[in-house]
Amino acid sequence: MSREPLVLSAFLMNTTSHIIGGAWRREEAQQHRFNELPHWISLVQKLEAAGFDIAFFADVVGLYGDHEGGWASHVRRGLQVPSNDPLVLISALAAVTERIGLALTSSVIQAHPFNFARQLSTLDHLSNGRVGWNVVTTAQENAHRNFDADGLAKHADRYAWAEEYLDVCYKLWEGSWADDALLQDKAAEHDRGLGLHADPAKVSKINHHSDRYRVEGPHLSSPSPQRTPYLFQAGSSERGRDVAARHAEATFSMAPNREIAASHARDVKERTKKFGRRPEDLKFIQGLSFVVGSTEAEAQANAADLDASIDDHALIAHTAGSLGVDVGHLPIDTPLDDLEHTEGAQGHLSEIKRMAPNGRVTLRDLARFRAQSTRVVGTPEKIADELEAWQQAGIDGINIINSTLPGSYDEFIEHVLPVLRDRGLARQPQQSTGSASLRASITGSDRLPYTHPGAQYRGAFQHLSAEATEVPKEEFLARFSG
């Protein structure tokens with residue numbers, strides 16, 4: 001039976017302890033070298049050679065909520081602190097790779113959209129169109145306090161903020177420059193001299209005005225290969241699902257089982273229709289980790305060995321911290337029935353509760369959820385069977401969570417990928433070329449489809465072009481006479 005290959009993404013972060021808290025202490029783990037560029041170059045080049053589609057870098061811009069009475073616990077345990085800026089790292093990785101997509105998380109709270117749009121256009125140029133952006137609103141209160149706020153913005157307000165932020169970026173990326181505006185014609189003759197670098201009639205200001213942003217424009221970057229970077233979003237709340245359905249080209253999930261994943265995928269893809277999009281415009285990418293063995297017994301033994309090295313409190317602090325609740329001093333079997341009114345990651349809390357048949361989840365469950373609920377344990381053949389079942393449930397790709405670097409990806413590449421290729425679930429490396437943009441490698445086209453809301457701005461500002469508002473020569477000279 002013919003199958004579509006899965007989109008393969010490596011879930012990374014420029015820090016020591018990302019998802020599987022405590023695993024950095026394992027003897028073979030090298031993620032403590034996160035400050036070393038050769039560490040990342042070696043890993044991402046290995047992923048590219050194996051045919052991975054994306055090296056995806058998560059990020060935070062603040063500490064998680066207090067644990068064990070304060071934030072010192074996060075520093076002791078290395079819970080995503082220290083953590084470096086993935087945009088800077090991706091700039092370096094773009095120079096030493098040719099095909100693999102380079103995606104990063106960036107919150108709408110951390111950079112003005114005019115500057116951020118320029119940064120991503122620059123990266124898209126320098127990487128030949130391989131940039132992706134995971135749009136996040138940020139649920140950590142400390143992060144909001146790092147960017148001038150008094151506290152965490154309300155859940156609904158954060159998504160309204162994100163949609164306006166996207167709107168400003170779309171206007172800059174899609175509407176400010178025509179495709180043929182940049183000419184760089186050294187010999188062109190015109191009434192004001194010789195040489196025509198760009199046609200001012202095809203470059204426009206956007207004049208965006210709101211209570212939050214005032215952006216005149218024009219965009220300072222010319223159109224990059226993708227114009228708009230490939231867009232990811234991971235919201236699982238009601239509001240988050242709507243935003244994903246309207247804007248995302250791929251949505252990330254950490255659903256704890258196939259049934260929830262299938263329900264999530266169907267729901268969000270169905271929602272695309274009310275925004276004038278097609279369900280096939282949205283890819284569903286599930287976060288999964290893998291423990292591999294040559295036999296089932298060996299795989300289970302490897303999983304038990306990994307569990308013995310995990311820091312339960314780091315796992316609890318990671319999840320509960322994003323909910324804005326300190327549970328560090330509670331007994332390990334305390335239920336979490338009273339967390340639904342937080343302003344934190346509401347969709348994530350709902351998913352945690354849904355994994356228990358009676359909806360009662362304890363702190364112990366919380367730790368196990370973070371470490372085990374998205375884990376597949378078994379032989380390469382069993383893992384391939386599981387991934388076939390996930391694909392049949394509606395997922396289009398996997399975002400592979402690591403416990404150790406580079407070991408988790410070495411194991412997957414050496415043992416699992418050959419089986420997936422044999423079954424048509426993964427591309428052969430020779431199918432990958434250095435010429436395709438990230439969007440084209442996934443969708444077949446460099447640019448946003450016409451159904452996407454960003455596409456409405458193509459040509460929308462041409463009546464505001466520089467040519468239309470240029471000061472006549474006589475008026476210009478008159479200002480400096482007499």
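How many bridges link strand 11 (residues 283-292) and strand 13, and in which sense do the two strands pair? They pair in the parallel sense, over four bridges. Keep in mind as you look around that this is a predicted model.

**A strand with neighbours**

Let's stay with strand 13 for a moment. In the pairing with strand 11, Leu 288 stands opposite Ile 400. Strand 13 also pairs with strand 1 (residues 7-13), again in the parallel sense, this time over five bridges. There, Ser 9 has Asn 399 as its bridge partner.

So is strand 13 (residues 397-401) enclosed or open? Five of its five residues are buried, so the strand is largely enclosed by the rest of the structure. In a regular strand, side chains alternate between the two faces of the sheet. Here both faces are covered: Gly 397, Asn 399 and Ile 401 are buried on one side, and Ile 398 and Ile 400 on the other.

Helix 7 (residues 238-247) is mostly covered too, with seven of its 10 residues buried. If you want to find them, look for Gly 240, Arg 241, Asp 242, Val 243, Ala 244, Ala 245 and His 247.

**Into the core**

Nonpolar side chains tend to be buried together in soluble globular proteins. The largest nonpolar core in this model has 75 residues, and Leu 12 and Phe 52 touch the most other members. Helix 6 (residues 155-175) gives the most to this core, namely nine residues. There's also a second, separate core of 39 residues, with Tyr 64, Ile 316, Ala 317 and Leu 438 among them.

Phe 52 is worth a closer look. Its relative accessible area is 0%, so it is buried. Leaving aside residues up to four places away in sequence, the residues Phe 52 touches include Leu 8, Ser 9, Ile 400, Tyr 409 and Phe 412.

**Rings meeting rings**

The whole structure holds 15 aromatic pairs. You describe such a pair by the distance between the ring centres and the angle between the planes. Here are two of them:

| Pair | Centre to centre | Angle between planes | Type |
|---|---|---|---|
| Phe 52 and Phe 412 | 6.1 Å | 70 degrees | edge-to-face |
| Tyr 165 and Tyr 213 | 6.1 Å | 75 degrees | edge-to-face |

Why does the Phe pair tie together parts that are 360 residues apart in sequence? Because Phe 52 lies in the loop between helix 1 (37-50) and strand 2 (54-58), while Phe 412 lies in helix 14 (residues 407-422). Phe 412 counts as buried, at 1% relative accessibility.

The Tyr pair ties together parts 48 residues apart in sequence, because Tyr 165 is in helix 6 and Tyr 213 is in the loop between strand 7 (208-209) and strand 8 (214-215). Both tyrosines, Tyr 165 and Tyr 213, are buried.

Elsewhere, Phe 11, Phe 56, Tyr 230, Phe 232 and Phe 252 form one aromatic cluster. And a ring can meet a charge: the charged end of Arg 212 sits over the ring of Trp 161, 4.1 Å from its centre.

**Backbone oddities**

Two peptide bonds to check are cis. One joins Val 81 and Pro 82, with omega about 0 degrees; Pro 82 is in the loop between helix 2 (72-77) and helix 3 (86-94). The other runs from Leu 405 to Pro 406, with omega near -5 degrees, and Pro 406 is in the loop between strand 13 and helix 14.

Asn 128 isn't a glycine, yet its phi is positive, near 60 degrees. With a relative accessible area of 40%, Asn 128 is partly exposed. Asp 148 has a positive phi as well, about 80 degrees, and is exposed, with a relative accessible area of 78%.

How values were computed: Residues numbered from 1 in each chain as written. Heavy atoms only, no water. Core = buried A, V, L, I, M, F, W, Y, C linked by side-chain atoms within 4.5 Å. Buried < 20%, exposed > 50% of the residue type's maximum accessible area, 1.4 Å probe, protein only. Contact = heavy atoms within 4.5 Å. Phe/Tyr/Trp six-rings, centres within 6.5 Å; stacked < 30°, edge-to-face > 60°. Lys NZ or Arg CZ within 6 Å of the ring centre and 35° of its normal. Pairing = 2+ DSSP bridges.
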